[in-house]
Amino acid sequence: GAGLGLALAFWTVPKIAPAITVYLPYGAEIALDNTVVIFTLAISVLTAFVIAAIPCWQSSNVEFLRMRSGGSVAGKHGVRGALIVGEIALALVLLVGAGLMIKSFSELGQVKPGFDPHNLLTLAYRVPRTKYPSGPQQAQFHHEVVSNIKALPGVIAATSVRAVPLGGNGSRSEFLLTDRPEPPISQRPTALLNFADPDFFSTMRIPLLKGRVFNEHDQADGPYVIVINQTLARRYFNGRDPIGQRLAFPQLQRTGEIVGVVGDVKQFTLTDPPEPQIYGVLAQNPFIFTSLAVRTSGDPLKMVNQIRQAIWHADKNQPVWSVHSFDEIIGTQSHLRVLITTLMAAYAMLALVLASIGIFGVISYSVRQRTVEIGVRMALGARTFDVASLVLQQVLIMAGVGIVIGAGAATWLSRYLRTQLYAVSPLDPGVYAAVSILLAAVAISACIIPMWRAAKVDPMVALRYE
């Protein structure tokens, strides 16, 4: 068994290691080394000794006549029953963990990022400050790049933004509501602050809820305008119309007028809780670094070279990086959860199979040991249903104890999964109930054949069994 396990490990570990190492510190690796091999062999030998020692110890305490008459020590059944209870409890712990992860992954799959990620490409670049030293020059370069990309066949829309959603960038800023007394510095509210050109909301397909978004009239020499998200409007204006209200930004030393309210957007990860967001006009806040978002009619990755050429048409020495489709970005954010869910589900299914085999073996052996008892019962008038109930009762007791113990252990251990769960409680009653019912059904199914054999015992054959 240990040899087969190690052979399977040597084959599978190199295949799954790359999917795990990306989440580990730089330089860390996952591989089978001598320590793993020695530990596996040592624990296997120890297990073999324990498995052999228990029946050896029991056999040494059995009287010769009782052995000859087929009698058995009650402790045998107790040890076997305890092993089955342990298997069921372990299976329940693993199944609960897998169930929580599967439900969490299902919930995460229904999360809306706040924009339409399909057929959408993003990339980043940074213009050299020595070549474009002033804000107007930087803004003009960004505008020229976007115009070149829009002219490409197959491009539906394009936009420039300081920090593209889910791109890994973003910053927060303090803000003040000018119609209220200024709070102490430690109590100033904060919000995600981003800067985008007028086509940002239409390109990303972020819904406009009230007012307007930026337009071509919002230029560097025009009134300083901002757009806020739904969460900020709800939290700080409490039903009042925020359009026309003003927010001050101490770090920017600017005050902007709210001209629109848009939907919430996930800026960093899909699991981000709703938080206030503020958007300013990129032309009024130029910077050397920017990201592009390009919506295409087909697969956006097939247009990467054309988009690069459009950027180089504005500046042939401009480097470009972080080229990804948003479908790829969203998929990457789910990789770790998919990996954990898959591994836990595989281990849970293995534990479930082992528990089923264990239940089948113990009940089959128990039926054989009780052949005479069953024959006597049937000779005295017991019905098939009574015999089947006798076997089923034994299984349900073991399954019930195992489920109770496993539920307690799962309740304690599942808290360590909290950071990997999204919109699911570690104590989700639906998952616990479903897993308990599944284990009970598996336990009952595992005893169907032994139960059928017991019900078919011929009383006369049973009485002549010895």
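## A walk through the structure, starting from one strand

Let's begin inside the protein, at strand β7. Both of its faces are covered: Val225, Val227 and Asn229 are buried on one side, and Ile226 and Ile228 are buried on the other. Counted together, 5 of the 5 residues in this strand, which covers residues 225-229, are buried. Keep in mind as you look around that this is a predicted model.

What lies beside β7? Strand β9 (residues 254-262) runs parallel to β7, and 5 bridges join the two. Strand β10 (residues 277-281) pairs with β7 over 3 bridges, this time in the antiparallel sense. Val227 is a good place to see both pairings: Val227 stands opposite Gly260 in β9, and Val227 also stands opposite Tyr279 in β10.

Now step back along the chain to Asp218, which sits in the loop between β6 (208-211) and β7. Is Asp218 buried or exposed? Its relative accessible area is 6%, and residues under 20% count as buried, so Asp218 is buried. Its side chain has polar partners. One is the side chain of Arg212, joined to that of Asp218 by a polar contact of 3.0 Å. Another is the backbone nitrogen of Asn215, which lies 2.9 Å from a polar atom of the Asp218 side chain. Leaving out residues up to four places away in sequence, Asp218 touches Arg212, Val213, Val225, Val281, Ala283 and Gln284. You have already met Val225, on one of the covered faces of β7.

A second loop is worth a visit. Gln318 lies between α8 (304-314) and β12 (321-325). Its relative accessibility is 2%, so Gln318 counts as buried too. Which part of Arg126 does the side chain of Gln318 reach? The side chain reaches the backbone oxygen of Arg126, at 3.0 Å. Along the chain these two residues are 192 residues apart, yet their C-alpha atoms are separated by 7.7 Å. Setting aside neighbours within four places in sequence, Gln318 is in contact with Tyr125, Arg126, Val127, Pro128, Phe141, Ile311 and Trp312.

Next, look for the nonpolar cores. The largest has 43 residues, and Ile359, Ile363 and Leu439 have the most contacts inside it. The elements giving two or more residues to this core are α4 (74-109), α10 (335-369), α11 (371-379), α12 (384-413), α13 (429-446) and α14 (448-455). Of these, α4 gives the most, with 11 residues. Apart from this core lies another, of 26 residues, and Val225 of our starting strand is among them, as are Phe115, Leu120 and Met204. Back in the largest core, Ile363 shows how one residue meets others: beyond its neighbours within four places in sequence, Ile363 is in contact with Val391, Gln394, Val395, Met398, Cys447 and Pro450.

Finally, zoom out to the whole protein. Its secondary structure comes to 15 helices and 12 strands. The C-alpha trace spans about 105 × 50 × 45 Å along its principal axes. The radius of gyration is 34 Å, whereas a compact globule of 466 residues would have one near 23 Å. How much of the protein is buried? Buried residues make up 42% of the 466. On the outside, the protein exposes about 24,800 Å², with carbon and sulfur atoms supplying 63% of it. Among contacts between residues at least 6 apart in sequence, 80% join residues at least 24 apart.

Methods. Residues numbered from 1 in each chain as written. Predicted model: local features only at pLDDT ≥ 70, side-chain atom pairs only at ≥ 80, totals over all residues. Heavy atoms only, no water. Core = buried A, V, L, I, M, F, W, Y, C linked by side-chain atoms within 4.5 Å. Buried < 20%, exposed > 50% of the residue type's maximum accessible area, 1.4 Å probe, protein only. Helix = DSSP H or I, 4+ residues; strand = E, 2+ residues; numbered from the N terminus. Contact = heavy atoms within 4.5 Å. Polar contact = N/O pair within 3.5 Å; in protein donor to acceptor, adjacent residues only side chain to side chain. Rg over C-alpha atoms; globule rule 2.2 N^0.38 Å. Areas by Shrake-Rupley, 256 points an atom, 1.4 Å probe, with all protein chains shown as cover. Pairing = 2+ DSSP bridges.
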